[in-house]
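Here is a short briefing for a first look at this structure. Keep the sequence and the 3D view open while you read.

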Amino acid sequence: MSLRKWLWAIAALLVGMLYIYRLGIGEMDFQSFMAGVLTISYVNIVLNEFKKGKKEKDKSPEIKEVSPTVAQVELKDEKTHKNTKLIAGSIAVLLLVGAYYEINSRVDCGGKVSIVTKTFALLGNGRAEYEIGNCYSNQKNYEEAVKWYQKSAESGNHWGQMRLGYSYMEGLGVEKDLSVGAMWTRKAADQGDITAQYNLGVSYNNGQGVPKDEKEAVKWYRKAADQGFGSAIHNLAMCYAKGSGVEKDYAEAMKLFEKASKLGEYKSTANLADMYDEGMGTERNTARALALYKTVAERVPADEAERKDIAKVQFALGKRYYFGEEDTVCDTKEGTRWLIKAMENGHEEACFYVAMAYINEGTLQEDIRKANEQLKSAADKGNTRAKRMIRMMEIY
């Protein structure tokens with residue numbers, strides 16, 4: 001028997017033994033078991049072929065006359081060989097199917113994760129383990145996600161270390177532990193992970209899991225900012241604006257806010273507008289400030305926190321236009337438009353001003369209905385100003 005057949009037989013035997021072992025400890029499904037049985041069958045076929053060949057080799061050579069039956073014997077041997085190959089091929093296919101079910105049963109995270117990624121994860125590849133962790137995390141199965149992040153982190157993968165650190169910092173799938181979270185975050189940051197560098201800066205800035213150290217925070221913000229991480233650039237700008245960990249420098253802060261704003265950091269855009277409005281680090285320019293405020297106010301919020309931030313800017317814009325504040329030409333129509341947007345985004349105080357616009361203008365029937373609903377909600381919570389505004393609306 002050829003060396004290739006021997007190698008296939010040995011490999012099949014090992015896989016078959018693994019399947020039977022996993023069945024015994026209750027970690028295998030039926031499909032995998034059947035693949036294991038067929039693998040053993042394949043080993044048996046190969047061994048029988050080997051025995052047959054050995055017997056023929058051990059026979060004493062005899063001189064025989066060529067008879068007419070030789071062709072029939074050769075044809076029979078050829079058919080047997082073809083049948084053996086067919087059976088072996090079928091078993092190989094079934095083995096792959098069994099392996100497919102086995103891998104999916106062990107890594108049942110759903111999502112768009114290929115069988116190749118799952119296989120590499122089971123073989124201990126750190127990047128693949130991180131991807132499996134992300135898959136579980138996207139399904140809100142944080143406990144299972146942490147298990148894979150842990151494996152990835154211990155393999156030395158910086159993405160896995162970063163996500164494991166974040167999980168400990170936030171208490172996602174594991175008991176919250178700021179010290180452990182900071183430790184894993186530091187490991188990832190030391191490898192140049194941009195998100196970990198930013199997170200470590202936040203930890204030092206707030207004293208979470210590490211001693212509070214504003215200079216160390218600036219150091220890690222700068223490392224992430226140098227790689228173009230928008231949030232890190234924004235936080236570094238805030239450090240320069242406040243003089244936190246560095247000497248106060250409005251001009252440098254403004255430059256960094258401008259850079260972060262171009263990367264989509266809406267908070268940087270709002271801060272840049274404030275600086276133009278107040279003339280901090282530059283000459284005062286209310287027109288430029290208004291344009292930047294509108295950029296933020298027109299933004300579609302990505303989450304609840306952003307929605308609240310945008311509502312604040314919309315409210316400020318509404319007041320500014322409605323009352324003609326800060327060198328802005330009074331425009332009650334434009335002011336009311338922004339106040340309504342703020343109200344729709346949940347700004348509590350905006351409903352008072354929308355109600356006031358109704359009293360003063362006598363229009364906005366649909367919007368006053370929404371304002372009235374918010375006023376009643378505030379009044380039910382004991383807000384005396386809301387109760388007073390409702391009585392005024394009833395009079396008018």
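Which helix holds Arg 163? Arg 163 lies in helix H7, which covers residues 158-170. The model is predicted. The protein chain has 19 helices and 0 strands. The points below start with the whole chain and then move to single residues.

**The chain as a whole**

- The protein chain counts 396 residues, and 38% of them are buried.
- About 23000 Å² of the protein chain is exposed. Carbon and sulfur atoms supply 53% of that area.
- Take the contacts between residues at least 6 apart in sequence: 48% of them join residues at least 24 apart.
- The whole structure holds 11 salt bridges. Three of them are described below, under helices H15 and H16.

**Arg 163 in helix H7**

- Arg 163 touches Tyr 130, Asn 134, Ser 137 and Tyr 149, leaving aside residues up to four places away in sequence.
- Arg 163 and Gln 150 are 13 residues apart in sequence. Their C-alpha atoms are 9.0 Å apart in space.

**A nonpolar surface patch**

- Val 116, Phe 120 and Leu 123 form a nonpolar patch on the surface. Together they have about 330 Å² of accessible area.
- Val 116 belongs to helix H4, residues 115-122.
- Is Val 116 buried, partly exposed or exposed? Val 116 is partly exposed, because its relative accessible area is 47%, between the cut-offs of 20% and 50%.

**Helix H15: Arg 320 and its partner**

- Arg 320 lies in helix H15, which runs over residues 304-323.
- Arg 320 has a relative accessible area of 6%, so it counts as buried. The cut-off for buried is under 20%.
- Asp 277 forms a salt bridge with Arg 320, with the closest N and O atoms 2.8 Å apart. Asp 277 sits in helix H13 (residues 266-278) and Arg 320 in helix H15, so the pair ties together parts that are 43 residues apart in sequence.
- Both partners, Asp 277 and Arg 320, are buried.
- The two side chains are also joined by a polar contact of 2.8 Å.
- Arg 320 has further contacts beyond four places in sequence, including Thr 286, Leu 290 and Tyr 293. Glu 325, Glu 326 and Thr 328 are also among the residues Arg 320 touches.

**Helix H15: Glu 306, Arg 307 and Glu 304**

- Glu 306 is found in helix H15. Glu 306 is buried, with a relative accessible area of 6%.
- A polar atom of the Glu 306 side chain lies 3.4 Å from the backbone nitrogen of Ala 302.
- Glu 306 is in contact with Tyr 266, Arg 299, Val 300 and Pro 301, leaving aside neighbours within four places in sequence.
- Arg 307 forms a salt bridge with Glu 304. The closest N and O atoms are 2.4 Å apart.
- Arg 307 and Glu 304 both lie in helix H15. They are 3 residues apart, about one turn of the helix.
- Arg 307 is partly exposed at 22% relative accessibility. Glu 304 is partly exposed too, at 42%.

**Helix H16**

- How far apart are the end C-alpha atoms of helix H16? They are 18 Å apart. Helix H16 has 13 residues (332-344), and at 1.5 Å a residue these should span 18 Å, so the two values agree.
- Asp 331 caps the N-terminal end of H16. One of its side-chain oxygens lies 3.3 Å from the backbone nitrogen of Lys 333.
- Gly 346 follows H16. Its phi is positive, near 95 degrees.
- The buried residues of H16 include Gly 335, Thr 336, Trp 338 and Leu 339. Ile 340, Ala 342 and Met 343 are buried as well.
- The side chains of Arg 337 and Glu 334 meet in a salt bridge of 2.9 Å, N to O. The two residues are 3 apart in helix H16, so about one helical turn separates them.
- Which of these partners is buried, and which is partly exposed? Arg 337 is partly exposed, with a relative accessible area of 36%. Glu 334 counts as buried, at 16% relative accessibility.

Technical notes: Residues are numbered from 1 along each chain as its sequence is written. This is a predicted model: local features need pLDDT of at least 70, side-chain atom pairs count only at pLDDT 80 or more; totals for chains, interfaces and linings use all residues. Side-chain values use heavy atoms; hydrogens and water are left out. Patches are made of residues with over 30% relative accessible area and no salt bridge: like charges are joined within 9 Å, nonpolar side chains (Val, Leu, Ile, Met, Phe, Trp, Tyr) within 5 Å. Accessible areas come from the Shrake-Rupley method with a 1.4 Å probe; for residues, only the protein chains shown count as cover. A salt bridge is a side-chain nitrogen of Lys or Arg within 4 Å of a carboxyl oxygen of Asp or Glu. Helices (H or I, at least four residues) and strands (E, at least two) are DSSP runs, numbered from the N terminus. Buried means under 20% relative accessible area, exposed over 50%, partly exposed in between (1.4 Å probe, protein chains only). Contact means heavy atoms within 4.5 Å. A polar contact is a pair of N or O atoms within 3.5 Å; within protein, one must be able to donate a hydrogen and the other to accept it, and residues adjacent in sequence count only if both atoms are side-chain atoms. The expected span of a helix is 1.5 Å times one less than its number of residues.
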